[in-house]
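Reader: I would like to understand how the descriptive terms used for a model like this one are justified. Could you take me through the reasoning behind some of them?

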Amino acid sequence: MNPIERFSQYLIENAETISKEIVAYNLEKLEMKLPEEIIERSINTNIDFLTFLGNTLNQSNEEVTEKFIAWHKQQQANQRDYQFSYEEIANMLKPYAETRLQLINMLTKVSMREGLSTEEAVYVNSRISYLLDLSITESMLERERLAHDMNRKNQKIITELSSPVVPLQNGMAILPLIGEFDFERSDHIMNHVIPRISELKIRHLIIDFSGIANIDAEVASRIFNVNKVLGLIGIKTMLTGIRPDLAINVITAGIDFSKLNTYGTVQQAILAQA
């Protein structure tokens, strides 16, 4: 058995001891107390990491990368039931560099004890650093993906809440717009709000712009499209709440709202249909 094989065997056989020692070292550096469940999970994750390292030392980085990413994704999936806050993550990452150095120092001593040459010890340390870098990179990418998915879900909820159809009386309803009237909002209105308006047997729809942030040529184009679609299915639209600043923007942009029914307030629009 050559020195690298002896080192690999040592890692696999002593993974638990090394893991507990490195976790204990890390806990001393933390500025927070972790739940016992998380500590135990960290120990087990480190055991798996060291075992993986021992079993793949004789493989190239290219061969190891795909296997390690698959292993790391499985580890991430097993840990999704516990969510840390930003502050907790920041506190846990602070001692990362010191803990990493401690692990490398520990394994370097093992390398020397197992009779590894300088070249072999450098190879082992390079592999450890490579896997640790790969681990932190994959963790960051996974967290970004989860944050992106969460933002998309939240944005969908915000869009739905920002485009409610409120029935009033006698086949009339109001659609208050809040915030930015962007592509996602107009697409939501086209695909979800308009079908609901039709189901409610609405004949007159008041689109209120009191809460809209801005109107430019692009926004106006979306408004015209919504108006055309509603007109084609027999629904008369009225625009209300166009503030002075929005009106100035409309005129400055050369947008022609003269063909649309506009009123200063929702009350004026309702009275006009009485």
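**Terms and their grounds**

Author: Let us start inside one helix of this predicted model: Arg41 and Glu37 both belong to helix H3, where they are 4 residues apart, about one turn of the helix.

Reader: What makes the meeting of Arg41 and Glu37 a salt bridge?

Author: Their side chains meet at 3.0 Å, N to O, and a salt bridge requires a side-chain nitrogen of Lys or Arg within 4 Å of a carboxyl oxygen of Asp or Glu, so the pair qualifies.

Reader: Why is Glu37 called partly exposed?

Author: Glu37 has 45% relative accessibility, and because the term covers values between the 20% limit for buried and the 50% limit for exposed, partly exposed is the word that applies. Arg41, by contrast, is listed among the buried residues of H3, which also include Ile38, Leu50 and Phe52.

Reader: Which class does Arg222 fall into, buried or exposed, and how do you know?

Author: Arg222 is buried, because its relative accessible area is 14% and the term is used under 20%. Its salt-bridge partner is Glu218, with the closest N and O atoms 2.5 Å apart, and Glu218 is partly exposed at 47%. These two residues lie 4 residues apart in helix H9, separated by about one helical turn.

Reader: What joins Glu142, Arg145 and Asp149 into one network?

Author: The network of Glu142, Arg145 and Asp149 rests on salt bridges that share partners. One of the salt bridges in the structure links Asp149 with Arg145, whose closest N and O atoms are 2.9 Å apart, and both residues lie in helix H7.

Reader: How do you know whether the span of H3 is close to what is expected?

Author: Helix H3 has 21 residues and reaches 30 Å from its first C-alpha to its last, and the expected value at 1.5 Å a residue is 30 Å; the expectation is taken as 1.5 Å times one less than the number of residues, so the two values can be set side by side.

Reader: What makes E3 and E4 a pair of strands?

Author: Strands E3 and E4 pair in the parallel sense over 5 bridges, and because at least two bridges are needed, the condition is met. Within this pairing, Leu205 stands opposite Thr237 in E4. The chain crosses from E3 through helix H9 to E4, and this β-α-β crossover is right-handed.

Definitions and conventions:
Residues numbered from 1 in each chain as written. Predicted model: local features only at pLDDT ≥ 70, side-chain atom pairs only at ≥ 80, totals over all residues. Heavy atoms only, no water. Buried < 20%, exposed > 50% of the residue type's maximum accessible area, 1.4 Å probe, protein only. Right-handed = clockwise from strand over helix to strand, strands pointing away.
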